[in-house]
Amino acid sequence: MIPARPQSAGLREAYVVWLLFLLTAIAVFATYWRLPPSVLWKVHNTGFIGGGGRAYVFLSFSAAVAAIGILPIVVDRLEDRRADYAGLVALVLCATVAIPGVQTESHLDPKWSNLPAVLGVGLAFGLTLWASRTGRREFPRTTARGDAARLIVGGLSLFFAAPYIAAELGFFLDGVPVLGWIFQTGAIRPEPGAGYSHAAVHHGHHHGLDGFLLAASALLLSRLVGSIRRPVLRTLTAFYLALLLVYGLTNEAQDQWTEQIVKRGWTSWDIPNVLHPSLSAAWGAMVACGLVIYALFLRPRRGLFSHAR
């Protein structure tokens, strides 16, 4: 008799999400190590400390926000009380990124307040490894039309993220065929409301790239929602991913609008900043859009193994 080999739990999409954040963290580390703070944004350290510190802050936001979407998927696969408790702890740790003052655009040097979210990301990754080794095996429950929609939305988001990918790697798109004509990046433009001028798309990390990463995470993880067996957990996860998609795309659009429209002088009106949760009309509109996406595309079907579109 040959013993059966354990099969992986079918968490490819979750690992793609982790890979996206890992590659971005490496790029952040390298760029903030080699470039001076003067060409970056709201940081004061350079060298190894500068690179490591900014990568640490990046793991607090936005990796922790994506990790919240991964946790219910891997915990459900494990079907283990210990995993439930560990997942709850990781959720609380990751959610600390939403506390006012933890993530501040005006001060992006590392802070002790970032540590809980970073620990939550590490715990979520550990649970993913555990689930992939011993968790219940499932296949994505989706449709061809759903995947086609994901590819279209994800492809458009990736295209508009081009200036931010270049900035993360430490260069401008000036002179790049097509992209250099569509996007302004290296041109010196007045910074709205700041009283000084800066490159239109400064080197280093942008919340527009966070928006792309979170939107891509929502699209990938939504393929796994239908395999969650616990109905309440499945419903909450589906709505969270719908809201995450809206949140990511809105932040990417807001950053693009400021840098490509307002900085060209075409208008002085800017899309409201929605980076932080607030009781505002903009956040109300995002929640409403999330509810629509949930109802039309991610709402669980009847039966134990509901299919997400």
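1. In this predicted model, Phe29, Trp33 and Phe48 come together as one aromatic cluster. The structure as a whole holds 11 aromatic pairs, and one of them lies inside this cluster: the ring centres of Trp33 and Phe48 are 5.6 Å apart with their planes at 90°, so the arrangement is edge-to-face. Since Trp33 belongs to helix α1 and Phe48 to helix α2, the pair ties together parts that are 15 residues apart in sequence.

2. On accessibility, the two partners of that pair fall into separate classes. Trp33 has a relative accessible area of 43% and is therefore partly exposed, whereas Phe48, at 53%, counts as exposed, because the cut-off for that class is over 50%.

3. A second aromatic pair is made by Trp257 and Trp269, whose ring centres lie 5.7 Å apart and whose planes stand at 80°, so that this pair too is edge-to-face. Trp257 sits in helix α9, which covers residues 231-262, while Trp269 is found in the loop between α9 and α10 (281-298), so the contact links parts that are 12 residues apart in sequence. With a relative accessible area of 28%, Trp257 is partly exposed.

4. Where does Thr128 lie, and is Thr128 buried or exposed? Thr128 is placed in helix α4, residues 115-134, and its relative accessible area of 0% makes it buried. A polar atom of the Thr128 side chain lies 2.9 Å from the backbone oxygen of Ala124. Leaving aside residues up to four places away in sequence, Thr128 touches Leu11, Ala14, Tyr15, Trp18, Ile70 and Val74.

5. The surface carries a nonpolar patch formed by Ile152, Leu156, Phe159, Phe160, Val178, Trp181 and Ile182, which together have about 750 Å² of accessible area. Two elements, α5 (144-160) and α7 (179-182), each give two or more residues to this patch, and the largest share, four residues, comes from α5. Phe160, one of the patch residues, has its place in helix α5 and is partly exposed, with a relative accessible area of 39%.

6. Val178, which is also a member of the nonpolar patch, deserves a separate look at its backbone. The residue lies in the loop between α6 (162-169) and α7, and its relative accessible area of 56% places Val178 among exposed residues. Its phi is positive, at about 70°, although Val178 is not a glycine. As background for a reader checking backbone angles, most residues other than glycine have a negative phi.

7. Which other residue has a positive phi without being a glycine? Lys42 does, with a phi near 55°, and its position is in the loop between α1 (12-34) and α2 (47-78). Lys42 counts as partly exposed, at 32% relative accessibility. The helices on either side of this loop, α1 and α2, are those that hold Trp33 and Phe48 respectively, which brings the note back to the aromatic pair of the opening point.

Terms used: Residues numbered from 1 in each chain as written. Heavy atoms only, no water. Patch = residues over 30% accessible without salt bridge, like charges linked within 9 Å, V, L, I, M, F, W, Y side chains within 5 Å. Areas by Shrake-Rupley, 256 points an atom, 1.4 Å probe, with all protein chains shown as cover. Salt bridge = Lys/Arg side-chain N within 4 Å of Asp/Glu carboxyl O. Buried < 20%, exposed > 50% of the residue type's maximum accessible area, 1.4 Å probe, protein only. Polar contact = N/O pair within 3.5 Å; in protein donor to acceptor, adjacent residues only side chain to side chain. Contact = heavy atoms within 4.5 Å. Phe/Tyr/Trp six-rings, centres within 6.5 Å; stacked < 30°, edge-to-face > 60°.
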